[in-house]
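Hi there,

As promised, here is the structure I mentioned. Please have it open while you read on.

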Amino acid sequence: MHPDLSFDQAPPIDVPFRFFLTAPLFGIAAGLLLAIVGGEMFASRWMPSALAGTHLLVLGFMLQTMCGALLQFLPVAAGANVWRPRLVAGVVHPLLIVSAVLLVTAFLGQQPGFFMAAAHGLALALGFFAIVTGIALLRTPARGATVMALRLALVALVATVSLGIVLATGLARGSELPLLALTDLHAAWGLGGWALILLAGVSYYVVPMFQLTPAYPAWLARSFPFALIAVLLGWSLLFDPQVPTRQQVAFIGGVVLSGVFALATLRLQSRRRRKVRDATFLFFRTAMLALLAVIVSVLVITWLPALQGEPRGAVWIGLLAIVGVFVSAINGMLYKIVPFLNWLHLQNLCGMRMMPPTMHQMIPEKRMLGQFRLHLAALAFLLAAVFWPLLARLAGLLFAASCAWLGYNLLGAVGVYRDFKTRIRVAA
């Protein structure tokens, strides 16, 4: 266990779990949407169904788990006590669900009113979340690379949401703003700022702790979030849709920086003390390899003029980034965080009177590895379907099945927790 972890102010277990258990449902919905729509969904990233599927994953799967993880992580690893975490979760969690459903419905049905309703819901939910967690991060006496990364990730979340509200308002009411170019900026702050910096900040703790690797180099841990934010700020300040080369340079700069983080993580994994290839290790390695594949894809598309006008290139990169990098990494982390929290809370409940189930008993390794193989198959078929649309429906079904299996495994861990908690009460 990490020596700096403090569980005195840890939130009730239902606070992070309500977010974690919701995320697979949105993944299932995204897979089923692809299975229904078919290859047309991958014709261009501007297809309404593609935008709907993207937001099912980024709002429904990624944002849900990231908000839940942050509410758990801040007091435990960053010493940042969150004000009334159960109330915060009770407000943010349902608002995120409703807003995500409204936004997806708006894209599919082109309903202006739904765009506005989703924008208001997301502004309320994430504004409240950012204020509460931001105050906690400002007040914490803790210092270090992780705390700074979390602060910068929160800044990126605010930028992402602000741009998203501008875009949703523009889609609902019409706008003279360059919405297509602003969409790229919105995606860059969301994936390259909020999601990647948060992933890095959490990785500084959980990769050495759960995978028994050496710590990240101090220079990398300190400089990586700042470098990414500098690129995003430069892109934003020099934003001019009439000069696409500025956007291209910033984009390439950001993905190359991301490659440094991926290579550092892979190197740490190769030096781990316990040479076990468990599900979390495999999911995380997949995520880092996918991040490197994003870089190679971006460079190839940039250097080959024949590919620059191919709309499926952006779909390919989006799938690699969202499913390959973030869904993989989140999936792997959930397989450590959920059993660990179960064990920890049960240990606190029963003290020395009883021995709680081990983490391996919460979710059997065989089931996690089976879901990992299905996730890999789904990712492979999703990427292949970009250029062979006949595979799209099968890819959607595989991805939905993988997310359903993830949800089943997480619910199994919750069942173990409840059963043992009942035994503790009976024995008391």
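Below is what turned up, going through helices, single residues and then empty spaces.

Please keep in mind that this is a predicted model.

**Three helices**

Let me begin with α3, which covers residues 85-109. Its 25 residues reach 35 Å from the first C-alpha to the last, close to the 36 Å expected at 1.5 Å a residue. Quite a few of its residues are buried, including Pro85, Val88, His93, Leu96, Ser99 and Phe107. The cover over the buried residues of α3 includes α1 (14-37), α2, α4 (112-139) and α5.

One of those neighbours, α5, has 29 residues. From first to last C-alpha, α5 reaches 42 Å, close to the 42 Å expected for it. Right after α5 comes glycine 174, with a positive phi near 85°.

Helix α7 (residues 218-237) is worth a look in your viewer. With 20 residues at 1.5 Å each, α7 should span 28 Å, and its end C-alpha atoms are 29 Å apart, so the two agree. There is nevertheless a kink of about 30° at phenylalanine 224, shortly before proline 225. Both Phe224 and Pro225 are among the buried residues of α7, as are Leu220, Ala221, Leu228, Ile229, Leu232 and Trp235. What do the buried residues of α7 pack against? Their partners are α5 (145-173), α6 (179-211) and α8 (244-270).

**Two residues with positive phi**

Most residues other than glycine have a negative phi. Two exceptions may catch your eye. Glutamine 110 has a phi near 50°, a positive value in a residue other than glycine. Glutamine 110 follows α3 and sits in the loop between α3 and α4. Its relative accessible area is 48%, so glutamine 110 falls in the partly exposed group.

The other is leucine 212, whose phi is near 55°, again positive in a residue other than glycine. Leucine 212 is found in the loop between α6 and α7. With a relative accessible area of 24%, leucine 212 also counts as partly exposed.

**Buried or exposed?**

Glutamine 211 lies in helix α6. Is glutamine 211 buried or exposed? Its relative accessible area is 7%, under the 20% cut-off, so glutamine 211 is buried. Leaving aside residues up to four places away in sequence, glutamine 211 touches Val206, Gln269, Arg272, Thr280, Phe281 and Phe284. Phenylalanine 284 is 73 residues from glutamine 211 in sequence, while their C-alpha atoms are 9.9 Å apart in space.

Serine 49 is in helix α2 (residues 48-77). At 8% relative accessible area, serine 49 is buried too. Outside the residues up to four places away in sequence, serine 49 touches Leu33, Val37, Met41 and Leu108.

For contrast, take alanine 306 in helix α10 (residues 305-308). Alanine 306 is exposed, with a relative accessible area of 73%. Alanine 306 and alanine 413 are 107 residues apart in sequence and 50 Å apart in space, C-alpha to C-alpha.

**A pocket and a cavity**

Rolling a probe the size of a water molecule over the atoms shows where empty space is left. The second largest pocket holds about 330 Å³ of space. It is lined by 17 residues, and Phe210, Arg274, Lys336, Met359 and His360 lie nearest its centre. Which helices each supply at least two residues of this lining? They are α6, α9 (279-303), α11 (311-350), α12 (359-362) and α13 (365-387). The largest share, five residues, comes from α11. By type, the lining of the second largest pocket divides into eleven nonpolar, two polar and four charged residues.

The search of the whole structure also found five cavities of 30 Å³ or more. The second largest cavity contains about 160 Å³ of space. Its lining includes Phe20, Thr65, Met66, Leu198, Val202, Ile330 and Ile337. Here α2, α6 and α11 each supply at least two residues, and α11 gives the largest share with four. The lining of this second largest cavity divides into ten nonpolar residues, one polar and no charged.

Happy browsing, and do write back with any questions.

Best wishes

Notes
Residues are numbered from 1 along each chain as its sequence is written. This is a predicted model: local features need pLDDT of at least 70, side-chain atom pairs count only at pLDDT 80 or more; totals for chains, interfaces and linings use all residues. Side-chain values use heavy atoms; hydrogens and water are left out. The expected span of a helix is 1.5 Å times one less than its number of residues. The bend at a residue is the angle between axes fitted to the seven residues ending there and the seven starting there. Buried means under 20% relative accessible area, exposed over 50%, partly exposed in between (1.4 Å probe, protein chains only). Contact means heavy atoms within 4.5 Å. On a 1 Å grid over the protein atoms alone, a cavity is a set of points where a 1.4 Å probe fits but cannot get out, and a pocket is an open set with protein on both sides within 12 Å along at least five of seven lines; lining residues have an atom within 4 Å of a point. Grid points are joined across faces, edges and corners, and a volume is the space filled by probe spheres set on the points. Ala, Val, Leu, Ile, Met, Phe, Trp, Tyr, Cys and Pro count as nonpolar, Asp, Glu, Lys and Arg as charged, and the others, Gly among them, as polar.
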